[in-house]
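Take a moment with the sequence and the model. We will start at one small spot and work outward.

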2 protein chains.
Amino acid sequence: MNDGPGYTWPVQELPGPELIAGAAARLRGRVHRTPVMRSRTLDALAGARLQFKCENFQRVGAFKYRGACNAVLSLSAAAVQRGVATHSSGNHAAALACVAREFGVPAYVVMPSTAPPAKRRAVAGYGAQIFTCEPTLEAREAGLAEVVARTGATFVHPFNDSAVILGQGTAALELLEEAGGLECLVVPVGGGGLAAGTALAVAARSPSTRVVAAEPAGADDAFRSLRDGVIYPSLNPKTIADGLLTSLGELTFALLRRYRVEVVTVAEEAIVRAMRLVWERMKLVIEASAAVPVAAVLEGGVAEAGERVGIILSGGNANLDSLPWKAGGGEGG
Amino acid sequence: MNDGPGYTWPVQELPGPELIAGAAARLRGRVHRTPVMRSRTLDALAGARLQFKCENFQRVGAFKYRGACNAVLSLSAAAVQRGVATHSSGNHAAALACVAREFGVPAYVVMPSTAPPAKRRAVAGYGAQIFTCEPTLEAREAGLAEVVARTGATFVHPFNDSAVILGQGTAALELLEEAGGLECLVVPVGGGGLAAGTALAVAARSPSTRVVAAEPAGADDAFRSLRDGVIYPSLNPKTIADGLLTSLGELTFALLRRYRVEVVTVAEEAIVRAMRLVWERMKLVIEASAAVPVAAVLEGGVAEAGERVGIILSGGNANLDSLPWKAGGGEGG
């Protein structure tokens with residue numbers, strides 16, 4: 001099988017759809033089975049039948065808890081006892097810290113000195129030990145290597161990890177079980193963990209469903225990477241969707257190619273409009289990243305009229321002090 | 001039976017708990033059976049086991065749809081055809097307009113010239129005819145009388161009406177069915193429709209549950225009215241909980257006394273804190289009025305440690321352009 005020039009991951013080492021049910025069984029009772037909600041107003045605006053999987057209600061307020069939890073459950077008992085580590089300033093760090101606390105083991109998080117205080121507090125609040133480093137990828141990786149060498153903790157990558165990807169895929173699995181007969185399933189894409197996991201869940205349960213990954217136009221590296229068959233780094237991304245700033249990993253890139261996931265991009269104004277609409281009409285607090293697939297559906301081009309469309313509302317950790325539709329809220333920055 | 005000097009409603013004319021099941025049957029399929037949600041964080045803060053009935057997800061974003069719908073369903077077919085009318089600038093007007101549209105009959109709403117444009121748009125959006133009047137109670141009542149005389153529409157009072165009260169009570173009925181074994185059920189009180197309906201539902205299904213009505217300290221007429229056995233008018237209320245500005249009606253007053261509903265008051269700062277907490281940790285958009293019972297529980301004095309406490313989150317129609325914890329958001333005004 002030749003998927004083109006950028007394809008570097010041996011296909012026989014890719015996690016397959018047959019593994020998704022095992023991840024779901026492993027996570028049962030540990031993750032919330034989040035509700036699926038509907039909205040007449042949004043259906044009317046989209047001209048489609050939308051079903052929203054509310055991962056903003058997931059533990060730590062984001063689907064990331066699924067992947068972190070599945071990753072820890074996939075380690076040996078001895079490895080779990082030594083603890084887990086990551087470099088991240090977002091929902092993955094909070095999720096990993098929360099899982100570690102559940103297991104009573106240490107979590108080590110390497111964070112750039114520029115990370116927002118609120119995110120630092122959230123991760124610290126879950127009991128993680130935080131190591132501050134310079135705000136460069138090199139400094140993060142060096143800091144992480146040092147922590148791992150010293151503590152024996154296992155590095156859990158935020159997305160380029162089979163167990164993490166399979167864990168994220170359980171959100172789509174639940175949605176497919178509940179909604180059934182979806183023509184299309186739309187998720188946000190940053191590093192690609194949720195999109196790849198969703199592709200696996202769809203391949204396992206509903207192969208005729210199209211998987212669409214929605215990306216901010218201001219951070220369109222996944223769009224360009226899949227178009228050209230090469231992983232482009234995410235350079236100077238400009239978007240309020242701060243969960244979608246990273247580039248794809250080799251594993252997520254290979255899975256998105258293999259399952260022919262379509263990537264669409266949306267403008268910042270459309271993201272802000274969609275975010276506000278979900279708050280106002282659905283009464284759901286979602287973060288900007290979660291509004292990206294909503295925006296893609298509302299802008300048109302993703303779903304045909306009357307189609308049944310699933311959307312994963314990926315998280316709800318919005319900054320309530322700085323709303324993007326307010327003066328000074330930083331739209332586009 | 002003598003309930004004291006302020007008791008003017010003949011007890012034999014009060015709606016009884018035996019009527020609540022009929023209202024629930026009438027509303028089935030017409031109102032959303034809203035979810036009941038929980039939060040570890042809020043449980044920990046309250047030292048109790050909280051169950052939140054999410055009426056912010058109800059149609060038009062508030063429990064008011066229940067009462068308006070039950071009122072219309074309790075009219076004769078001929079009366080329904082002539083339409084319905086009310087004077088209100090809040091959720092009741094939107095609810096009545098929405099119900100009327102469902103039935104394909106006219107809704108007439110008399111609104112003061114000072115009503116916020118957003119509320120006017122919401123009511124107009126549901127297809128109601130709006131009549132603007134001076135911002136006095138006299139002008140509203142005169143405007144309403146004129147509309148009713150001219151159109152033959154039936155006036156549906158926002159709270160002082162048996163069918164409205166019974167409709168509102170179905171939210172508590174659903175919560176009691178789902179949660180079971182509640183020691184305490186806490187609701188906001190303005191005109192008293194939700195509180196009175198809740199008292200009837202509790203009397204019907206769970207008589208040992210205490211009903212607590214929470215009121216802003218800056219609009220504490222219900223507290224004083226029940227303490228002194230006289231209906232005090234709500235004069236110059238000062239609170240961000242703009243759904244709780246009205247005084248009790250004779251019928252709601254009589255029911256709250258009969259079922260010995262306890263009224264507690266909470267400070268503005270506690271309301272704002274509780275509202276923000278529900279947005280931030282539960283990812284639910286609620287309006288300030290819905291935060292009042294949450295504040296009452298979190299401030300203590302309502303529930304004993306470890307008790308099972310139901311809270312009705314009454315609505316989610318918050319103004320997203322002016323949050324009360326932001327500069328200029330109008331806390332206390």
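Which residue follows helix 5 of chain B? Gly104(B) does, and its phi is positive, near 70°. Keep in mind that this is a predicted model.

Now step back into the helix itself. Helix 5 of chain B covers residues 91-103, which makes 13 residues. How far apart should its ends be? At 1.5 Å a residue, the helix should span 18 Å. The C-alpha atoms at its ends are 18 Å apart, so expectation and model agree.

Is this helix mostly covered or mostly bare? Mostly covered: 10 of the 13 residues in helix 5 of chain B are buried. Asn91(B) and His92(B) belong to the buried group. So do Ala93(B), Ala94(B), Ala95(B), Leu96(B) and Ala97(B). Cys98(B), Val99(B) and Ala100(B) complete the list. What do these buried residues pack against? Two helices of chain B are partners: helix 3 (64-73) and helix 6 (117-125). Two strands of chain B are partners as well: strand 3 (84-87) and strand 4 (107-112).

Next, look at a whole chain. Chain A holds 13 helices and 10 strands. Its C-alpha trace spans about 55 × 50 × 40 Å along the principal axes. Does that fold up like a globule or spread out? A compact globule of 333 residues would have a radius of gyration near 20 Å. Chain A has 19 Å, so it agrees with the globule rule. Of its 333 residues, 54% count as buried. The contacts reach across the sequence, too. Take those in chain A between residues at least 6 apart in sequence: 74% of them join residues at least 24 apart.

What fills the inside? In soluble globular proteins, nonpolar side chains tend to be buried together. Here the largest nonpolar core has 231 residues. Val297(A) and Val297(B) have the most contacts inside that core. Follow Val297(A) outward, leaving aside its neighbours within four places in sequence. Val297(A) is in contact with Ala46(A), Ala48(A), Leu50(A) and Val186(A). Val302(A), Ala303(A), Val309(A) and Ile311(A) are contacts of Val297(A) as well.

One loop deserves a stop. Lys283(A) sits between helix 12 (268-282) and helix 13 (288-299) of chain A. Its phi is near 60°, a positive value in a residue other than glycine. Is Lys283(A) buried or exposed? It counts as buried, because it has 25 C-beta neighbours inside 10 Å. Chain B has its own Lys283(B), in the loop between helix 12 (268-282) and helix 13 (288-299) of that chain. Phi of Lys283(B) is near 65°, again positive in a residue other than glycine. Lys283(B) also counts as buried, because 25 C-beta neighbours lie inside 10 Å.

Finally, put the two chains together. How many residues of chain A are in contact with chain B? There are 12, and they meet 12 residues of chain B. On the chain A side, 6 are nonpolar, 3 are polar and 3 are charged.

How are the copies related? A turn of 180°, with a shift of 0.0 Å along the axis, lays chain A on chain B with an RMSD of 0.0 Å. That is the relation of a two-fold axis. The same surface serves both copies, since 100% of the contact residues of chain A recur in chain B. Which residue of chain A comes closest to the rotation axis? Leu284(A) does, with its C-alpha at 2.6 Å.

Notes
Residues are numbered from 1 along each chain as its sequence is written. Chains are lettered from A and ligands numbered from 1 in the order in which they are written. This is a predicted model: local features need pLDDT of at least 70, side-chain atom pairs count only at pLDDT 80 or more; totals for chains, interfaces and linings use all residues. Two residues are in contact if their C-beta atoms, placed from the backbone, lie within 7 Å. Ala, Val, Leu, Ile, Met, Phe, Trp, Tyr, Cys and Pro count as nonpolar, Asp, Glu, Lys and Arg as charged, and the others, Gly among them, as polar. Helices (H or I, at least four residues) and strands (E, at least two) are DSSP runs, numbered from the N terminus. The expected span of a helix is 1.5 Å times one less than its number of residues. A residue is buried if 20 or more other C-beta atoms lie within 10 Å of its own, exposed if 12 or fewer, and partly exposed in between; C-beta atoms are placed from the backbone. Copies are superposed by least squares on the C-alpha atoms of residues with pLDDT of at least 70 in both. A nonpolar core is a set of buried Ala, Val, Leu, Ile, Met, Phe, Trp, Tyr and Cys residues joined through C-beta atoms within 7 Å. The radius of gyration is taken over C-alpha atoms; the globule rule is 2.2 Å times the number of residues to the power 0.38.
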